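This report describes the surroundings of the bound molecules in a single model. The sequence and the structure come first.

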Amino acid sequence: MKALEPLTLTDKAQSDEDKVLQEKVKSSGTLPQHIAIIMDGNGRWAKDKGNVRLFGHKAGVESVRDITESCAQLGVKHLTLYAFSTENWDRPSAEVSGLMNLLVHSLQNEADRLQRNNIRLVSIGQLDRLPKKCQNKLQEVIELTKNNTRLELCLALSYSGRWDIIEAIKKVSKEVQNGNVNPDEIDDNMVSSYLSTADIPDPDLIIRTSGEYRISNFLLWQLAYSELYVTQTFWPDFRRDELYKAIFSYQKRDRRYGKVKNGYTKRLSASVINKIIS
Ligand code: IPE
Ligand code: IPE
Ligand code: MG
């Protein structure tokens, strides 16, 4: 097995070609305000190359950097990355500890860069389950970047959508018990305000890499009306050009939210309605 090379902190200048592409993305339609990504396929990527899974996770960090910075350059305001699920704790302990070490290492290496790029880091999930060194490093970078305004990068760590909903239910129940909330007042907005994403708008676009058509316990409540984009590409190969493809696809979608497209309805008289349904 090859040794893991240290992650490098190289600031590559944005190419002229990329600047042109980004202008095209920005001018061809509405930009999603919030993009959420299920970063999947690291293990298969490594396996295809005859390597152990951890190589895939390490290569995935390069994609995180490229996608984060391209979102910041485009003007996307929120990027949520599913980095580790509650269920991922049940993977072999060597993989879990490799991932936790990689997290500490990456946060350490990327902190300056996040700061220089005016990117704010936040995190959602059962963070108290993370090893202490991860919790500390995470808090350190969150604190360092807390006043940054260009893009909010949210890492979902030890996260599950059901956990998020259960926590919200517990909090609302306590408010009901204390007499602060009347159960009849509970509505969409109130539930949203008790979730870990309370300060973040729901994702406009959700991307899953590696060709799997499932949500895997990600933002179950928040994805109600998100546009889905699935690509066969494994996460370590998912770079900005693929992101632009996903945004172009999003810009062609017709988001109807259960309603009928404007100008598409004809007024029907009661007698016509009766004729159609009888
Ligand atoms: C996604 O890649 C990263 C995590 C879930 C931590 P996987 O590790 O799931 O890679 P595959 O899906 O097995 O290829
Ligand atoms: C989802 O990927 C979790 C993350 C990307 C962090 P998984 O690889 O864990 O999901 P399944 O097992 O394919 O559903
Ligand atoms: Mg997977």
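The text below takes the two ligands in turn and lists their polar contacts in a table. The model is predicted.

**Ligand 1**

The shell around ligand 1 has 13 residues, of which Asp40, Gly43, Arg44, Arg53 and Arg91 come nearest. By class, this shell divides into three nonpolar, five polar and five charged residues. At least two shell residues come from each of helix H2 (42-48), helix H3 (53-74) and helix H4 (93-116). Helix H2 gives the most, with three residues.

Two of the contacts of ligand 1 involve backbone atoms: an oxygen atom of the ligand is 3.4 Å from a polar backbone atom of glycine 41, and an oxygen atom is 2.9 Å from a polar backbone atom of glycine 43. Arginine 53 instead uses its side chain, where an N or O atom is 2.8 Å from an oxygen atom of ligand 1. The protein buries 86% of the 380 Å² that ligand 1 exposes when taken alone. The space that ligand 1 takes is the largest pocket.

**Ligand 2**

Around ligand 2 are the residues Ile38, Met39, Asp40, Tyr82, Ala83, Phe84, Ser85, Asn88, Arg91, Arg208, Arg214 and Ser216. Five of the shell residues are nonpolar, three are polar and four are charged. Strand S2 (residues 78-85) supplies the largest share of this shell, with four residues.

The contacts given here for ligand 2 involve side chains. A polar side-chain atom of aspartate 40 lies 3.2 Å from an oxygen atom of the ligand. For asparagine 88, an N or O atom of the side chain is 2.9 Å from a ligand oxygen atom, and for arginine 208 the corresponding distance is 3.3 Å. On its own, ligand 2 has 390 Å² of accessible area, and the protein covers 78% of it. Ligand 2 sits in the largest pocket.

**Polar contacts**

| Ligand | Residue | Part of residue | Distance to a ligand oxygen atom |
|---|---|---|---|
| Ligand 1 | Glycine 41 | backbone | 3.4 Å |
| Ligand 1 | Glycine 43 | backbone | 2.9 Å |
| Ligand 1 | Arginine 53 | side chain | 2.8 Å |
| Ligand 2 | Aspartate 40 | side chain | 3.2 Å |
| Ligand 2 | Asparagine 88 | side chain | 2.9 Å |
| Ligand 2 | Arginine 208 | side chain | 3.3 Å |

**Shared surroundings**

Where do the two sites meet? The largest pocket is the space taken by ligand 1, and ligand 2 sits in the largest pocket as well. Asp40 and Arg91 are among the residues that come nearest to ligand 1, and both also appear around ligand 2.

How values were computed: Residues numbered from 1 in each chain as written. Chains lettered and ligands numbered in written order. Predicted model: local features only at pLDDT ≥ 70, side-chain atom pairs only at ≥ 80, totals over all residues. Heavy atoms only, no water. Near = heavy atom within 4 Å. Polar contact = N/O pair within 3.5 Å; in protein donor to acceptor, adjacent residues only side chain to side chain. Areas by Shrake-Rupley, 256 points an atom, 1.4 Å probe, with all protein chains shown as cover. 1 Å grid on protein atoms, 1.4 Å probe; cavity = no way out; pocket = protein on both sides within 12 Å on 5 of 7 lines; lining within 4 Å. Sits in = over half its atoms within 2 Å of the grid points. Nonpolar A, V, L, I, M, F, W, Y, C, P; charged D, E, K, R; others polar.
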